Amino acid sequence: DPDQLEVLVHRYVLHEAAMPQARQTLQSIGTARHVSRERIRQVEATALDTLRTRLAQSCLQPLYRAYCSFIDHEGGAVEPAELNGFPDTPMLAGMSPSGALRILTVCRAVPVFCNGFFTTVPETTLQSLDKAVMASLSETALMTMDELLERNLGEVSGLTRKILSLYLDHHQPLLRMNDSRYGRFDVPGPALRQIIRECMTRLPSPVHFKAVLAAVNVLLKPGSRIGTGHMLEMLASDPDVERGASGFYRVREQSPDGGQHA
């Protein structure tokens, strides 16, 4: 009904060309309409239940097929901005293609909205991909997408380079680098420690931690960049790094007998 439609329009930002990273909150919509956030939640739930009915899903089949065809043509996965090229259709009634698809993913298993992108592979495939990627990055701290594909990822059904690329660039537990290497961010240590050492070996020794921080963040994509506290914690916990005076550090050199010396 009109009330439910209005809530969905605001909740999923259906009148904007590109879907923002976050939906409008229940509280913000409730405040604008002078009702509680719980009331907005109830209206949204009722609207979505209506869209999940057999009759509604049957009527929406042409739209689902059009979206899946578009996504498959783009390599099996798309970011919201890419849906600006989705063919105009009367079924959207002028609404945002990405916002409308976000609603449809809530009502049916495929397509899937995963960490900021849409894909036509099912949730079980994404779970298999996640397990394989995390296992590979547990064995090797930093790997490129091609190196990951050479591992067991080829056994993940329906996987394409586009799906893997968007998965890697949107998955928060991953450390993402501008040179297309990836590591685990949810396991403190190996990946970030390797990047820090790489930067320190390219800078005059000893090097101030702020210079190391700046060099590391140049290599990292925006979502993976670190702050001062994290940098100091990593430097202090690395047995191969020695702290000097006034915030200067240097990497310990390997001695011929395999030991270390400053």
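**An aromatic cluster and a strand that pairs twice**

Ring pairs link Y67, F70 and F86 into a cluster. That is where I'll start. Quick caveats on the model. This is a predicted model, where local features need pLDDT of at least 70, side-chain atom pairs count only at pLDDT 80 or more, and totals for chains, interfaces and linings use all residues. Residues are numbered from 1 along each chain as its sequence is written, and side-chain values use heavy atoms, with hydrogens and water left out.

Now the rings. Rings of Phe, Tyr and Trp (its six-membered ring) pair if their centres lie within 6.5 Å; planes under 30 degrees apart count as stacked, over 60 as edge-to-face and the rest as tilted. That rule gives 3 aromatic pairs. Take Y67 and F86. Their ring centres are 4.3 Å apart and their planes sit at 10°, so this pair is stacked. Y67 lies in helix α4 (residues 54–73), and F86 in the loop between β1 (77–78) and α5 (97–107), so the pair ties together parts that are 19 residues apart in sequence. Helices here are DSSP runs of H or I, at least four residues; strands are runs of E, at least two; both are numbered from the N terminus.

Buried or exposed? Y67 is buried, at a relative accessible area of 0%. F86 is buried too, at 7%. Buried means under 20% relative accessible area, exposed over 50%, partly exposed in between (1.4 Å probe, protein chains only).

Next, F70 and F86. The ring centres are 5.6 Å apart with planes at 80°, so the pair is edge-to-face. F70 is in helix α4 and F86 in that loop between β1 and α5, so here the parts tied together are 16 residues apart in sequence. F70 counts as buried, at 13% relative accessibility.

One charge to mention. R108 lies over the face of Y64, 3.7 Å from the ring centre. The test: NZ of Lys or CZ of Arg within 6 Å of the ring centre and within 35 degrees of the ring normal.

On to strand β6, residues 181–184. Which strands does β6 pair with? Strand β4 (residues 143–144) pairs with β6 in the antiparallel sense over 2 bridges. Strand β5 (residues 174–176) does so over 3 bridges, also antiparallel. Pairing needs at least two DSSP bridges between the strands. On the β4 side, M143 has Y182 as its bridge partner. On the β5 side, L175 stands opposite G183. The hairpin of β5 and β6 has 4 residues between the strands, and S180 takes a positive phi near 70° there.

Last, the side chains. In a regular strand they alternate between the two faces of the sheet. In β6, R181 and G183 point one way, Y182 and R184 the other, and all are buried.
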